[in-house]
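Here is a short briefing to keep beside the model as you look around. Have the viewer open, and let us start with how the helices meet.

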Amino acid sequence: MLIEVDFDSDEAIYIQLCNQIIMGIATSVIREGDSLPSVRQLAEVIGVNMHTVNKAYGVLKREGYISLDKRRGAVIAIDIDKLEQLEEMRRELRIVLARGCCKNISRQEVHDLVDEILDDYSSCMKREE
């Protein structure tokens, strides 16, 4: 899995790492049971401090995307309660949709955008007709 960091971004590097790993899971680039690089390896490859990678792995563990195993290191282990995830999505979508509403983005444009994005995650999301 290729992880790229934008050092000029306002978004914290550990958050960029988390988001890229989550995107990798959603697009099946990495799957349940796959091992991630060690903290040291990933830090060296992307050119960041080991503490940054460690923080990202800690967040991913807390959020239920990985488990930490002494022998295998960080392993993809999805363990998110669906109802909790839906409620979190609801909170985040309210803000995103409010911003779109302020910019006169139509309901149909939102639906088209959501469908387009979900098509990228076809391996983990089934479309209900």
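Helix 1 and helix 3 cross in a right-handed sense. This is a predicted model, and the crossing is a good place to begin reading it. The two helices, residues 13-26 and residues 50-62, pack at an angle of about 50 degrees, and their axes lie 8 Å apart.

**Helix 1 against helix 3**

- Angles under 35 degrees count as roughly parallel and 65 to 115 as roughly perpendicular, so helix 1 and helix 3 are oblique to each other.
- On the helix 1 side, the contact is made by Ile-13, Tyr-14, Leu-17, Cys-18, Ile-21 and Ile-22.
- Helix 3 answers with Thr-52, Val-53, Lys-55, Ala-56, Tyr-57, Val-59 and Leu-60.
- By class, the residues of this contact of helix 1 with helix 3 divide into 11 nonpolar, 1 polar and 1 charged.

**Helix 2 against helix 3**

- Helix 3 also meets helix 2 (residues 39-46): their axes come within 8 Å and cross at roughly 120 degrees.
- With 65 to 115 degrees counted as roughly perpendicular and over 145 as roughly antiparallel, helix 2 and helix 3 are therefore oblique to each other.
- The crossing of helix 2 and helix 3 is right-handed.
- Val-39, Arg-40, Leu-42 and Ala-43 of helix 2 touch Met-50, Val-53, Asn-54 and Tyr-57 of helix 3 in this contact.
- Sorted by class, the contact of helix 2 with helix 3 holds 6 nonpolar, 1 polar and 1 charged residues.
- Val-53 and Tyr-57 of helix 3 are worth a click, since they take part in the contact with helix 1 and in the contact with helix 2.

**The hairpin**

- Strand 1 (residues 66-69) and strand 2 (residues 73-76) pair in the antiparallel sense over 4 bridges.
- The two strands form a hairpin, with 3 residues between them.
- Two of the bridge partnerships are easy to find: Ile-66 is partnered by Ile-76 of strand 2, and Leu-68 by Ala-74 of strand 2.

**Helix 4 and what follows**

- Helix 4 covers residues 82-102, which makes 21 residues; at 1.5 Å a residue they should span 30 Å, and the end C-alpha atoms are indeed 30 Å apart, so the two values agree.
- Just after helix 4, have a look at Asn-104, which takes a positive phi of about 60 degrees.

**The whole chain**

- In total, the secondary structure comes to 5 helices and 2 strands.
- Along the sequence these follow the pattern α-α-α-β-β-α-α.
- Taken along the principal axes, the C-alpha atoms fill a box of roughly 50 × 35 × 25 Å.

How values were computed:
Residues numbered from 1 in each chain as written. Predicted model: local features only at pLDDT ≥ 70, side-chain atom pairs only at ≥ 80, totals over all residues. Heavy atoms only, no water. Expected span 1.5 Å × (residues − 1). Axes fitted to C-alpha atoms, helices over the stretch in contact; angles between N-to-C directions. Left-handed = near helix turned anticlockwise from the far one by under 90°. Contact = heavy atoms within 4.5 Å. Nonpolar A, V, L, I, M, F, W, Y, C, P; charged D, E, K, R; others polar. Pairing = 2+ DSSP bridges.
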